[in-house]
Amino acid sequence: MAIVLASILDADWSKLADEIRDVDRAGVDGFSIDIMDGKFVPRTTFGPKDVSDIRNLTNVPIEVHLMVSNPENHVESYCDAGADQVVFHIEAANDPLSIIDSIHARGLRAGIAILKETPLDKLSDDVLKSIDALTIMAVTVGFGGQKPSSETVQRIIEIRERAKEINPNLFVVIDGGMKPDNCSEFVQAGADAVVIGTGIYHASNYEEAIKTTHQNIDPNEPVSKKRIEGLLAIPSKNRSEK
Ligand code: DX5
């Protein structure tokens, strides 16, 4: 089993509320909101206010993916904005463990993202043990519509092996280049979620794109069911009845 998170980076921002509602109604499992500060990546996107507005549009889990420098200065505002899972880049964090602690102290799930160029041993065992989720970037951060790097499957297998003892419930997310018809090999390698941007928002039929993706990632496989329930079962203190 794996879930589908929609990235809104390539949605039509001129009608973003409709784009969120439509993809929610089309059966997506959650949203991944890319926060870019123009420093860690060469463009800017959304802020905490956007996240809280999006929070008021949907009841599915929201992950915030911080592609920012000095994430320690930003995590709290996104925790308050209604994110369920806050993910920051290991390359940008001087003291990742204290950032993880500050997210957990807010009762939320903490995740780390790693660039495709960054060796996996940049993640210490202490960090790997303490996170809820790991986002493995399959493309260069900043833009949608790229092809996934050929090393991604091997990196999933490697991190699963490492996490087996120290964090068996680690929730592995693949971000970038995921399409309805190519994501099954990443799930078979051990991914629990795929973030899809252009594969959904550039599709002529959102429902079809999401249904095809779900069909391609076997819904009945038990082991990762437990890992996924962790995300889906976040206490909904950030969510109000819609
Ligand atoms: C890139 C973002 C991705 C991107 C995915 O920095 O983190 O989420 O939007 O878009 P696709 O699915 O088109 O590669």
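## The cavity

The largest cavity has a volume of about 220 Å³. The model is predicted. With a threshold of 30 Å³ or more, the count comes to one cavity.

Its lining takes in 25 residues. Nearest the centre of the largest cavity lie Ser-7, Phe-143, Gly-144, Asp-175 and Gly-176. Three elements each give two or more residues to this lining: β2, β8 and α8 (198–201). By class, the lining of the largest cavity divides into ten nonpolar, eleven polar and four charged residues.

## The occupant

What takes up this space? The ligand does: the space it takes is the largest cavity. Elements that give two or more residues to the shell around the ligand are β2 (30–36), β3 (62–67) and β8 (193–196).

The ligand is surrounded by 20 residues. The closest are Gly-142, Asp-175, Gly-177, Gly-197 and Thr-198. Nine residues of this shell are nonpolar, nine are polar and two are charged.

## Polar contacts to the ligand

Three glycines place backbone atoms at short range from ligand oxygen. For Gly-142, a backbone N or O atom lies 2.7 Å from an oxygen atom of the ligand. For Gly-177, a polar backbone atom is 2.8 Å from a ligand oxygen atom. For Gly-197, the distance from a polar backbone atom to an oxygen atom of the ligand is 2.8 Å.

How much of the accessible area of the ligand does the protein cover? On its own, the ligand has 380 Å² of accessible area, and the protein covers 100% of it.

## Shell and lining together

Two strands, β2 and β8, give two or more residues to the shell around the ligand. Both strands also do so for the lining of the largest cavity. The strand β3 is listed for the shell, and the helix α8 is listed for the lining.

Asp-175 is among the residues closest to the ligand. Asp-175 is also one of the residues nearest the centre of the largest cavity.

Notes: Residues numbered from 1 in each chain as written. Predicted model: local features only at pLDDT ≥ 70, side-chain atom pairs only at ≥ 80, totals over all residues. Heavy atoms only, no water. Near = heavy atom within 4 Å. Polar contact = N/O pair within 3.5 Å; in protein donor to acceptor, adjacent residues only side chain to side chain. Areas by Shrake-Rupley, 256 points an atom, 1.4 Å probe, with all protein chains shown as cover. 1 Å grid on protein atoms, 1.4 Å probe; cavity = no way out; pocket = protein on both sides within 12 Å on 5 of 7 lines; lining within 4 Å. Sits in = over half its atoms within 2 Å of the grid points. Helix = DSSP H or I, 4+ residues; strand = E, 2+ residues; numbered from the N terminus. Nonpolar A, V, L, I, M, F, W, Y, C, P; charged D, E, K, R; others polar. Points joined across faces, edges and corners; volume = space filled by probe spheres on them.
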